[in-house]
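Q: Please walk me through one part of this structure in close detail, as you would for a colleague at the bench.

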2 protein chains.
Amino acid sequence: MARLNDNYLKLQAGYLFPEISRRVNEFTSANPGVEIIRLGIGDVTKPLVPEVLKAFHAGVDDMAAEQSFHGYGPEQGYSWLAQTIIDKAYKPLGVELETSEVFISDGSKCDSANILDIFDLSCKVAIGDPVYPVYNDTNVMVGRTGAADENGYYEGIVYMPCTEENGFTPQFPAEKVDIIYLCFPNNPTGTVASKEQLKGWVDYARANDAVILFDAAYEAFITEAGIPHSIYEIDGAKECAIEFRSFSKTAGFTGVRCGLTVVPHALAGTTASGEKVSFNQLWNRRQCTKFNGVSYPVQKAAAAVYSDAGWAQVKEVIDYYMGNAAIIRKGLQAAGITCYGGVNAPYIWLKTPGGMTSWDFFDKLLNECHVVGTPGSGFGPSGEGYFRLSAFGDRANVETAVQRIVEKWGK
Amino acid sequence: MARLNDNYLKLQAGYLFPEISRRVNEFTSANPGVEIIRLGIGDVTKPLVPEVLKAFHAGVDDMAAEQSFHGYGPEQGYSWLAQTIIDKAYKPLGVELETSEVFISDGSKCDSANILDIFDLSCKVAIGDPVYPVYNDTNVMVGRTGAADENGYYEGIVYMPCTEENGFTPQFPAEKVDIIYLCFPNNPTGTVASKEQLKGWVDYARANDAVILFDAAYEAFITEAGIPHSIYEIDGAKECAIEFRSFSKTAGFTGVRCGLTVVPHALAGTTASGEKVSFNQLWNRRQCTKFNGVSYPVQKAAAAVYSDAGWAQVKEVIDYYMGNAAIIRKGLQAAGITCYGGVNAPYIWLKTPGGMTSWDFFDKLLNECHVVGTPGSGFGPSGEGYFRLSAFGDRANVETAVQRIVEKWGK
């Protein structure tokens, strides 16, 4: 039989969300009729906004006539969408990009996974802890690690704990690394990095010849002035960083699928013989050979997000979700529960009361408040004792959930 | 600087379609006003059919209201789409599948590239020549080969020449291989494999512990009875084959993006220690970690392809294209040019008159008939002296192109 990639077998079987489903199903079977409020998985709940719907329909209509039909599009995405993103999402930050540096894709999950294709297997990788599991798991799958230890740390990966003590911002790795994953606003902790902190990372990466993989999927949720929305707001970042962005949370595209990756021309890597080659050239080749572009009507819908009317509508939904976040924060604080995030991100990262484990708190919240959240330990060992609540729910449900938490713990 | 994957640098720079564009642009600049007829790249030209458009719009409408909104869908695709495909595209062939064996994706190009993720790098690969370049290039990119020789053959890949002598059906490799790419109806030659020929491959794969990667992207264009549409029509194929299918050519989805991959539960590979593991389990993990499902409205549109009304409309478009194919074949034969394909596939593979090279014929056809096609040598060394014409054009253009060819060569 053909040999399979047995790096996959190093992955731990019990993935977070299936285990949550299992416990929720067990509860609902035992308690029929009890209504559960879900503030767990980070999926949006509000419909697409009218301007996006209008453009999406218009895109489908284009496919109805020979003269306006669109067959294969550019693997990199249509340049009118890339240009719109540059004009509306980057230029206002003072960031200049060329359309050939912006690659439209079907989502930043795919891109943040596929990006490893263009790096040599010998590259040493640093990731946060807690972290979005895709960064970790894709490195395991590609064979960059040994087995996991009892904490779930894989041999060969440099983990950067993000804790209350360091304000959930990782320290620079002590050993030499080649690839550094950063995610701000952060999933799961909801914390952000200041310009000074990001400058520290850019300087560090340049001094150490490392590449930063910067996940900015939640940048649209930043409410405070002065917090960077893009790594390219930092001088020198184009020489050391790739940035991922997404329409998923920004515009409710989790089921529509559109994201983008910026690979600046200035970002180079080295070959075995020490020659410098642009990563942009490699990623372009990767996308041309292994990808066939994003659905044309989806790209039309994505462009409408950045129309004046579209952005006003999208912003209203974001404000709604951030209103939920404020309610959750206030309620938790009223209940005497320490929490982080929720100001510049749609996630609230709470410290479990009384030092409970993440899963014990999960069970208590489910059984006694009928609220589902996400155990922090599911995002990595440093998440133990923490818990993630998402602000993407319905207002009335959020209010009820918070009320139950306050009644339970606030006294 | 971080080390990049320099396997990419082994790829030959001059890719086929950019070189075609360059020559066409050169011609049009020198000959302004001359109308070019393009029968080159295999892209469809007809609009989506009404039933598909209706379902696509309905899918977008679902995204307009909270109760019908769809966020993250299953990474494997919606089971209602998988079930529809099983019922309408596989059951009529006598093939039974479970929905957990059918993975919906954004296209078979992506899947036929990404599938390599789940195989060990040590696997020996056999591919046809001429061939769809993605099979070859993705193996180079992943590091399974050495450099290319002067023919464009990469060290480490077993090439299976498909020539007039063997009816464009490859011979079994002489050396032991682990992965065999087969594409029927074939791109670029337009030829098909009989049940007996496919049975030979299934028996060979099972006897040699190899996995067949079967690309059936053009199965909907088969017009003759008795030609297999799926490898699973052959007994035992579920133990040795993965099948790729696409809505691209079948239903004009080249710009919409939807395909599927079947990974049967019965198909196993081995670990380093000789343990048997199902490839389905690995592909499922791959898709869950590196992919986030296909756009919901696109899946709704894809399901409509298999409604009774949808299929009747889609079939009409396929018949139109196959009508073009018949006109091209007839014209070439009238001009005394030997050709293959075009009966069960939308491609016609012609032998260049007078033994011209593929590129010489390209230039002659462009300069003297103002028709663009694809040089066979671009698909591999055994394509030298051949030329691909696509049937996806407009009828009037096809007729004009054929008339010019007949006037030029038929005497």
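**The end of a helix, and its buried face**

A: Let's start at the end of the helix: right after α11(B) comes H370(B), which has a positive phi, near 60 degrees. This is a predicted model, in which local features need pLDDT of at least 70 and side-chain atom pairs count only at pLDDT 80 or more, while totals for chains, interfaces and linings use all residues. Residues are numbered from 1 along each chain as its sequence is written, with chains lettered from A and ligands numbered from 1 in the order in which they are written. For the complex, the predictor gives an ipTM of 0.97 and a pTM of 0.97.

Now for the helix itself (a DSSP run of H or I, at least four residues; strands are runs of E, at least two, and both are numbered from the N terminus). In chain B, α11 covers residues 358-369, twelve in number. From first C-alpha to last, α11 reaches 15 Å, close to the 16 Å expected at 1.5 Å a residue (1.5 Å times one less than the number of residues).

Which residues of α11(B) are buried? They are S358(B), F361(B), F362(B), L365(B), L366(B) and C369(B), where buried means 20 or more other C-beta atoms within 10 Å, with C-beta atoms placed from the backbone. Viewed down the axis of α11(B), these buried residues fall within an arc of 130 degrees, so they line one face of the helix (the arc is that of the directions from the axis to the C-beta atoms). Their packing partners in chain B are two helices by name, α1 (16-30) and α12 (395-409), together with β13 (371-372), β14 (374-375) and β15 (386-390).

Technical notes
Buried ≥ 20, exposed ≤ 12 C-beta atoms within 10 Å, placed from the backbone. Contact = placed C-beta atoms within 7 Å.
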